[in-house]
Amino acid sequence: LDGLQSFSLQAGMPQFASGRISIVEQRPEGVIVWSHRGEPGFQYVIEKSIQGFEWRPCLVITNTTSTVTFTDTAVNGSTVIFYRSRILD
């Protein structure tokens, strides 16, 4: 760390910069229910990538507890979709 002039820590910042997404269930009509686990009281943007890992915002969720569920109704069953979440400052 040559040349480091200053350093500081701030208390109360969120523990997770990203959340953890996992599958809850797949409904008969093909809709998948996802679970998002993250820091309580913060908002997260859920992004999705259909091809080439070009991440696009899908929705914003507010994590009032530590876990919230969501669905993506714009899913085409023949396409592989990747999801990720990032905390909003």
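**Glu-47 and the strands around it**

The side chains of Glu-47 and Arg-84 are joined by a polar contact of 2.6 Å (a pair of N or O atoms within 3.5 Å; within protein, one must be able to donate a hydrogen and the other to accept it, and residues adjacent in sequence count only if both atoms are side-chain atoms). Keep in mind that this is a predicted model, where local features need pLDDT of at least 70, side-chain atom pairs count only at pLDDT 80 or more, and totals for chains, interfaces and linings use all residues. Residues are numbered from 1 along each chain as its sequence is written, and side-chain values use heavy atoms, with hydrogens and water left out.

**The chain overall**
- The protein chain has 6 strands and 0 helices (DSSP runs numbered from the N terminus: E, at least two residues, for strands; H or I, at least four, for helices).
- Going along the sequence, you read β-β-β-β-β-β.
- Of its 89 residues, 22% count as buried (under 20% relative accessible area; exposed is over 50%, and partly exposed is in between, with a 1.4 Å probe and protein chains only).

**Around Glu-47 and β3**
- Glu-47 sits in strand β3, residues 42–49, and it counts as buried because its relative accessibility is 5%.
- Its side chain also makes a polar contact with the side chain of Arg-86, at 3.0 Å.
- β3 is mostly covered, with 6 of its 8 residues buried.
- Gln-43 is in β3 too, but at 38% relative accessibility this residue is partly exposed.
- Gln-43 and Asn-63 are 20 residues apart along the chain, yet 5.9 Å separates their C-alpha atoms.

**Who pairs with β3**
- β3 runs antiparallel to strand β4 (residues 56–63), and 7 bridges join them (two strands pair if DSSP finds at least two bridges between them).
- Lys-48 has Arg-56 in β4 as its bridge partner.
- The hairpin of β3 and β4 has 6 residues between the strands, and Gly-52 there takes a positive phi near 70°.
- β3 also pairs with β6 in the antiparallel sense, over 6 bridges, and Ile-46 stands opposite Ser-85 in β6.

**The β1-β2-β5 sheet**
- This open sheet has 3 strands in the order β1-β2-β5, paired antiparallel.
- β1 (20–26) and β5 are the edge strands: each has a single partner strand, so one side of each has no neighbour in the sheet.
- From one strand to the next, the twist averages 30° (axes are lines fitted to C-alpha atoms, for helices over the stretch in contact, and angles run from 0 to 180 degrees between N-to-C directions).
- β1 is joined to β2 (residues 32–37) by 6 bridges, and Arg-20 has Arg-37 in β2 as its bridge partner.
- The β1–β2 hairpin leaves 5 residues between its strands, with Gly-30 in the turn at a positive phi of about 95°.
- On to β5: 5 bridges join β2 to this strand, and His-36 stands opposite Val-68 in β5.

**A nonpolar surface patch**
- Phe-53, Val-80 and Phe-82 make up a nonpolar patch on the surface, together offering about 320 Å² of accessible area.
- Patches are made of residues with over 30% relative accessible area and no salt bridge, joining like charges within 9 Å and nonpolar side chains (Val, Leu, Ile, Met, Phe, Trp, Tyr) within 5 Å.
- A salt bridge here is a side-chain nitrogen of Lys or Arg within 4 Å of a carboxyl oxygen of Asp or Glu.
- Accessible areas come from the Shrake-Rupley method with a 1.4 Å probe, and for residues only the protein chains shown count as cover.
- Val-80 lies in the loop between β5 (67–71) and β6 (82–87), and is exposed at a relative accessible area of 56%.
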